[in-house]
Amino acid sequence: MSKRFSNRIQAGKMLAQHLQAYTNVKDVLVLALPRGGVPVAFEVAKLLNVAMDVCIVRKLGVPGHKELAMGAIASENTIVFNQNIINSLGIDEEKITQVINQELRELKRRNQVYRDNKPAINVKNKIVILIDDGIATGATMRAALTILQQQQPAKIVVAVPVAPLAACQELRLEVDDIICLQCPEIMSAIGLWYEDFSQTTDNEVRALLGS
């Protein structure tokens, strides 16, 4: 394993060094995937002096194995499935629907808690830098990309501290640019790449968003 990040703050500062071309550009919007992506994105937005918001998406975890993603959801109309996982584990439609309804409730809760139910920022013609604290399966990131691409931004840049090499190569085909500081061929949990990977709380997210 290559060198680990101290914490999300350090990872954000390191990412910002690779995004300096966007400093003070008024059409740039940094979007964080909550919760873990928010402290990373906050450092990037602060150092680049650009606007920041959250892109609220939820992973659809396999029942009994929540860390394993069978897809992700960004709204009632934007759901991405990992059909290979669903087929190989034989997950039936009833269970999938239960997970979708559960995550929809959490999506709505987060939009209320983090953003006071404000409508999402319109990203049309903006340069979007989409940030998380790492990518495991890529399901959550793909759900976010699906919703953003529908709004026709001028450019989408994915920026993450760590992601598996295969995921980086796949995402590179879907976005204008990808910045990834560590791209291991084999990767287990994202948390193993951080010395401190303590959970980001709702209160921390609200504080960083200035709610």
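## Helix H4 and what sits on it

Buried means under 20% relative accessible area here, and exposed means over 50%, with partly exposed in between. Keep that in mind as we go, and keep in mind too that this is a predicted model. Helix H4 covers residues 93–115, 23 residues in total. From its first C-alpha to its last it reaches 32 Å, close to the 33 Å expected at 1.5 Å a residue.

A good number of side chains in H4 are tucked away: Ile-96, Val-99, Ile-100, Leu-104, Leu-107 and Val-113 are among the buried residues. That list isn't just aliphatic names, though, since Glu-103, Glu-106, Arg-110, Tyr-114 and Arg-115 are also buried. What covers these buried residues? The cover includes strands E2, E3 (58–62), E4 (65–75) and E5 (78–81), plus helices H3 (83–89) and H7 (202–209).

The two ends of H4 each have a detail to look at. At the start, a side-chain oxygen of Asp-92 comes to within 3.2 Å of the backbone nitrogen of Glu-94. Just past the other end, Asp-116 takes a positive phi of about 50 degrees.

## The antiparallel sheet

Three strands, in the order E3-E4-E5, make an open sheet with antiparallel pairing. E3 and E5 are at the edges with a single partner strand each, so one side of each has no neighbour in the sheet. On average, neighbouring strands here are turned by 35 degrees against each other, direction ignored.

Zooming in on one pair, E3 and E4 run antiparallel and are joined by 5 bridges. Within that pairing, Arg-58 stands opposite Ile-73 in E4. Which helices lie against this sheet? H4 lies across E3, E4 and E5, at about 60 degrees to E4. Helix H5 (residues 139–149) packs on the sheet as well, touching E3, E4 and E5, and its direction makes about 5 degrees with that of E4.

## Ala-139 in H5

Ala-139 belongs to helix H5, and with a relative accessible area of 8% it is buried. Leaving out residues up to four places away in sequence, Ala-139 touches Ala-69, Gly-71 and Ala-72. These contacts go with the packing of H5 on the sheet, where the helix touches E4 along with E3 and E5. For a sense of distance, take Leu-208, which is 69 residues from Ala-139 along the chain: the two C-alpha atoms are separated by 25 Å.

## The parallel sheet

The other sheet described here is also open, with 5 strands in the order E2-E1-E6-E7-E8 and parallel pairing. Its edge strands are E2 (51–54) and E8 (177–182), each of which pairs on one side only. Neighbouring strands in this sheet are turned by 20 degrees against each other on average, again ignoring direction.

## Strand E6, covered on both faces

E6 (residues 127–131) pairs with E1 (residues 28–32) in the parallel sense over 5 bridges. Two facing positions show how they line up: Leu-31 stands opposite Leu-130 in E6, and Ala-32 stands opposite Ile-131. E6 also pairs with E7 (residues 155–162), in the parallel sense and over 5 bridges. Leu-130 turns up in that pairing too, with Val-158 as its bridge partner in E7.

How many of the residues of E6 are buried? The count is 5 of 5, leaving the strand mostly covered. Both faces are involved: Ile-127, Ile-129 and Ile-131 are buried on one side, and Val-128 and Leu-130 are buried on the other.

## Two cysteines without a bond

There are 0 disulfides in the structure. A disulfide is a covalent bond between the sulfur atoms of two cysteines. Why does the pair Cys-180 and Cys-183 fail to count? The closest cysteine sulfur to that of Cys-180 is the one in Cys-183, and at 3.2 Å it is too far for a bond. The cut-off behind that call is 2.5 Å between the two sulfur atoms. Looking from the other side, the sulfur of Cys-183 has Cys-180 as its closest cysteine sulfur, at 3.2 Å and likewise too far for a bond.

Is each cysteine buried or partly exposed? Cys-180 has 19% relative accessibility and counts as buried, while Cys-183, at 32%, counts as partly exposed.

Note on methods:
Residues numbered from 1 in each chain as written. Predicted model: local features only at pLDDT ≥ 70, side-chain atom pairs only at ≥ 80, totals over all residues. Heavy atoms only, no water. Buried < 20%, exposed > 50% of the residue type's maximum accessible area, 1.4 Å probe, protein only. Pairing = 2+ DSSP bridges. Helix = DSSP H or I, 4+ residues; strand = E, 2+ residues; numbered from the N terminus. Axes fitted to C-alpha atoms, helices over the stretch in contact; angles between N-to-C directions. Expected span 1.5 Å × (residues − 1). Contact = heavy atoms within 4.5 Å. Polar contact = N/O pair within 3.5 Å; in protein donor to acceptor, adjacent residues only side chain to side chain.
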